[in-house]
Amino acid sequence: MYHRIRDLREDHDLLQKDVAAYLQCTQVCYSNYETGKRDIPTEALIQLAHYYGTSTDYILGLTDEMAPYPARS
């Protein structure tokens, strides 16, 4: 999971401080998410999925499909 959030960030040409600002945490806190030193809170995981337009399952490594699930009606 940790390499996926790093890869997503790098694919979008973002710095850790950019994503940290979006999540309203420090760059050090976000860096700890990417290195696995700190677990990602559920709310931050959901925010990251929305930010990158993917699913939480993709970030968690449960699927290799980057596309988010279709919205339920």
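Axes are lines fitted to C-alpha atoms, for helices over the stretch in contact, and angles run from 0 to 180 degrees between N-to-C directions. The legends below describe close-up views of a predicted model.

**Figure 1. Crossing of helices H1 and H3 in the predicted model.** The axes of H1 and H3 come within 6 Å and cross at roughly 120°. H1 is therefore oblique to H3, since the range for roughly perpendicular is 65 to 115 degrees. From H1, the residues Tyr2, Ile5, Arg6 and Arg9 take part in the contact, and they meet Tyr30, Tyr33 and Glu34 of H3. Sorted by class, this contact holds four nonpolar and three charged residues, with no polar ones.

**Figure 2. Arginine 6 in helix H1.** Arginine 6 has a relative accessibility of 32% and so counts as partly exposed, the class between under 20% for buried and over 50% for exposed. Arg6 is one of the H1 residues that meet H3. In sequence, arginine 6 and alanine 20 are 14 residues apart; in space, their C-alpha atoms are 12 Å apart.

**Figure 3. Crossing of helices H2 and H3.** H2 covers residues 16-23 and H3 covers residues 27-35. Their axes come within 8 Å and cross at roughly 105°, and the two helices are therefore roughly perpendicular to each other. On the H2 side the contact involves Gln16, Lys17, Val19, Ala20 and Leu23. On the H3 side it involves Gln27, Tyr30, Ser31, Tyr33 and Glu34. By class there are five nonpolar, three polar and two charged residues in this contact. Tyr30, Tyr33 and Glu34 of H3 meet H2 and also meet H1.

**Figure 4. Buried and exposed residues of helix H4.** H4 runs over residues 42-52, and Ala44, Leu45, Leu48, Ala49 and Tyr52 in it are buried. These five cover an arc of only 140° around the axis, which puts them on the same side of H4. Thr42, Glu43 and His50 are exposed on the other side. The buried residues of H4 pack against four helices: H1 (2-11), H2, H3 and H5 (56-60). Just after H4, glycine 53 takes a positive phi of about 65°.

**Figure 5. Isoleucine 46 in helix H4.** Isoleucine 46 is partly exposed, because its relative accessible area of 33% falls between the limits of under 20% for buried and over 50% for exposed. Along the chain, isoleucine 46 and isoleucine 59 are 13 residues apart, and their C-alpha atoms are separated by 9.6 Å.

**Figure 6. Context of the close-up views: the whole protein chain.** The protein chain has five helices and zero strands, and along the sequence it follows the pattern α-α-α-α-α. Its C-alpha trace spans about 40 × 25 × 20 Å along the principal axes. The radius of gyration is 12 Å, which agrees with the value near 11 Å for a compact globule of 73 residues. Of these 73 residues, 33% count as buried. Among contacts with a separation of 6 or more, residues 24 or more positions apart account for 45%.

Methods:
Residues are numbered from 1 along each chain as its sequence is written. This is a predicted model: local features need pLDDT of at least 70, side-chain atom pairs count only at pLDDT 80 or more; totals for chains, interfaces and linings use all residues. Side-chain values use heavy atoms; hydrogens and water are left out. Angles under 35 degrees count as roughly parallel, over 145 as roughly antiparallel, 65 to 115 as roughly perpendicular and the rest as oblique. Contact means heavy atoms within 4.5 Å. Ala, Val, Leu, Ile, Met, Phe, Trp, Tyr, Cys and Pro count as nonpolar, Asp, Glu, Lys and Arg as charged, and the others, Gly among them, as polar. Buried means under 20% relative accessible area, exposed over 50%, partly exposed in between (1.4 Å probe, protein chains only). The arc is that of the directions from the helix axis to the C-beta atoms. The radius of gyration is taken over C-alpha atoms; the globule rule is 2.2 Å times the number of residues to the power 0.38.
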